[in-house]
Amino acid sequence: MSRTYDVAIVGAGIIGLAHAYAAARRGKSVVVIDRDKRANGASIRNFGFITVTGQERGESWALARATRDIWADIAPQAGIALEQTGLILTLRRPEAVAVAEAFMQTEMGEGCEVLTAAAFRDRHGQIAAHDALGALVSSHELRVESRLALPKLAAWLASAHGVTFLTEAAVASVAPPRIETSRGPIQAERAIICPGEDFVTLLADRIAAYRPQKCRLSMLRLASPGFRLPAPVMSDLSLARYAGYAALPEAEALRRRLAVEQAPHLDNGVHLIIVQSADGSLVVGDSHHYGDLPDPFAPAEAEACILDEFSRATGLHPPPVIERWVGIYPVADGRRFFIDAPSDDVRLVIVTSGTGASTGFGIAERTITDLFGPGKGASK
Ligand SMILES: Cc1cc2nc3c(=O)[nH]c(=O)nc-3n(C[C@H](O)[C@H](O)[C@H](O)COP(=O)(O)OP(=O)(O)OC[C@H]3O[C@@H](n4cnc5c(N)ncnc54)[C@H](O)[C@@H]3O)c2cc1C
């Protein structure tokens, strides 16, 4: 109790760490408190795919660009490897080509191009399926290995920015200047709560007002295919799922065709992301199952659909599965994230769209400006 921090942050996932960085960069003294020894939730179970292209047009797309720039700036300082850059979204149906071409006509097409089938084969023949009609290629994306990146980010925040970490400490109440934890009280003038999918421990009524649900995802790691992917890979299914493409009028025809040709994939919320790690292995996913309490039983059908789409999109036989896991992220109708202000000195920040690695640093800049800057007290 001897020290009073400028801000206490509950949660050491990427959203908590992004807020710690934004506050520390402004010279604030910061303590991050988590019930676990280190991040172990959605933030280390994800692809580590920092995606710009495909984010919802407008606010999310802008936040993703800002977040990507911050990752690019701090990764070398924190010793975090940028494992991959860019994106190749393979196109296998005329309806998918139409969505990609419509996307290119928007402001979001800047830095992207649509390759013809011949150009795709010529440049990236190893991942061009026999029926590939081309590819949407983006230069914007970054990829980190989240299970390594999060601990490195936390260590760098501590060593380079003086952030204090209090781990294995559950926070039971937040009423600045007093924060009650299972390891005793902490003093902080302000608090930011970034609880991820914990909707009940703190501010349960405030969170419930957003009517959040949870989404469970199935993820796989496959053995190395024996070559380096030129970039992370996505496919037609992603065009019907990612809001930056799916909201375009051209996506409707693609959705209708996918409903006929890939109904089990849609029923399991499956679309394809393939990213590659330093050892050559591939992180591949994912499926989406929604509920107020997703059970831990990942259906085999979802995994089969993911591997099937892997083959269709790349023309490759999937290498052996070497790891399986599930992850959960919060969702809320019509919101990509929210910043709630239960009082002048407390903010609650939850990303409700499975995009926290891609938008978190941008969101954190807003929260910190709101909390410490001229807009103090405002709520989004
Ligand atoms: C399988 C999967 C794949 C994904 N892929 C991507 C991707 O490639 N790109 C992307 O941008 N996004 C992706 N996402 C989404 C992204 O991972 C999340 O949006 C992000 O990790 C959310 O971060 P968070 O810090 O809010 O939550 P979390 O990582 O869940 O962290 C919350 C932390 O708060 C702590 N906590 C909560 N309450 C308390 C309390 N009372 N006291 C103490 N500690 C507490 C928890 O212990 C936890 O460590 C994916 C998500 C999943 C599940």
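Helices and strands here are DSSP runs, numbered from the N terminus: helices are H or I over at least four residues, strands are E over at least two. This is a predicted model, so local features need pLDDT of at least 70 and side-chain atom pairs count only at pLDDT 80 or more, while totals for chains, interfaces and linings use all residues. Residue numbers start from 1 along each chain as its sequence is written, and side-chain values use heavy atoms, with hydrogens and water left out.

**View 1. The loop between β8 and β9, with its cis proline.**
Pro177 sits in the loop between β8 and β9. The peptide bond leading from Pro176 into Pro177 is cis, with omega near 10°. The two strands, β8 (residues 171-175) and β9 (residues 178-181), run antiparallel and pair over 4 bridges; to count as paired, two strands need at least two bridges found by DSSP. A hairpin of 2 residues makes the connection from β8 to β9. Look across the pair and you'll find Val171 opposite Thr181 of β9.

**View 2. Another cis peptide bond, at Asp286.**
Here the bond from Gly285 to Asp286 is cis, and omega is near -5°. Asp286 belongs to the loop between β14 (282-285) and β15 (289-291). For context, most peptide bonds are trans, and most residues other than glycine have a negative phi.

**View 3. Positive phi at Glu168 and Arg211.**
Glu168 isn't a glycine, yet its phi is positive, at about 50°. You'll find Glu168 in the loop between β7 (164-166) and β8. Its relative accessibility is 37%, so Glu168 counts as partly exposed; the classes are buried for under 20% relative accessible area, exposed for over 50%, and partly exposed in between, using a 1.4 Å probe and protein chains only. Arg211, also a residue other than glycine, has a positive phi near 50°. Arg211 is in the loop between α7 (204-208) and β11, and it counts as exposed because its relative accessibility is 70%.

**View 4. What surrounds the ligand?**
There are 34 residues around the ligand, and those coming nearest are Asp34, Ser43, Phe49, Gly356 and Ser358; a residue makes the list if one of its heavy atoms lies within 4 Å. By type, this shell divides into 17 nonpolar, 12 polar and 5 charged residues. For that tally, Ala, Val, Leu, Ile, Met, Phe, Trp, Tyr, Cys and Pro are nonpolar, Asp, Glu, Lys and Arg are charged, and the others, Gly among them, are polar. Elements that each supply at least two shell residues are α1 (14-25), α2 (42-45), β11 (213-222), β16 (321-331) and α13 (356-372).

**View 5. Oxygen atoms of the ligand and their polar partners.**
A side-chain N or O atom of Asp34 is 2.6 Å from an oxygen atom of the ligand. Ser43 puts a polar side-chain atom 2.5 Å from a ligand oxygen, and at Gly356 a polar backbone atom is 2.9 Å from one. The ligand on its own has 1,000 Å² of accessible area, and the protein covers 96% of that. Those areas come from the Shrake-Rupley method with a 1.4 Å probe.

**View 6. Gln55 in its loop.**
Gln55 is placed in the loop between β3 (49-50) and α3 (59-78). Is Gln55 buried or exposed? It's buried, because its relative accessible area is 3%. Beyond its neighbours within four places in sequence, Gln55 is in contact with residues including Trp61, Met108, Gly244 and Ser358, where contact means heavy atoms within 4.5 Å.

**View 7. Ser138 on strand β6.**
Ser138 is part of strand β6 (residues 134-143). With a relative accessible area of 4%, Ser138 is buried. Its side chain shares a 2.9 Å polar contact with that of Thr53; such a contact is a pair of N or O atoms within 3.5 Å, and within protein one must be able to donate a hydrogen and the other to accept it, with residues adjacent in sequence counting only if both atoms are side-chain atoms. Setting aside neighbours within four places in sequence, the contacts of Ser138 are Thr53, Gly86, Leu87, Gly111 and Cys112.

**View 8. Thr85 and a partner from far along the chain.**
Thr85 lies in strand β4 (residues 84-91) and is partly exposed, at 46% relative accessible area. Thr85 and Ala231 are 146 residues apart along the chain, but their C-alpha atoms are separated by 6.0 Å. Ala231 is also among the contacts of Thr85 outside four places in sequence, along with Glu141, Leu142, Pro230 and Pro232.
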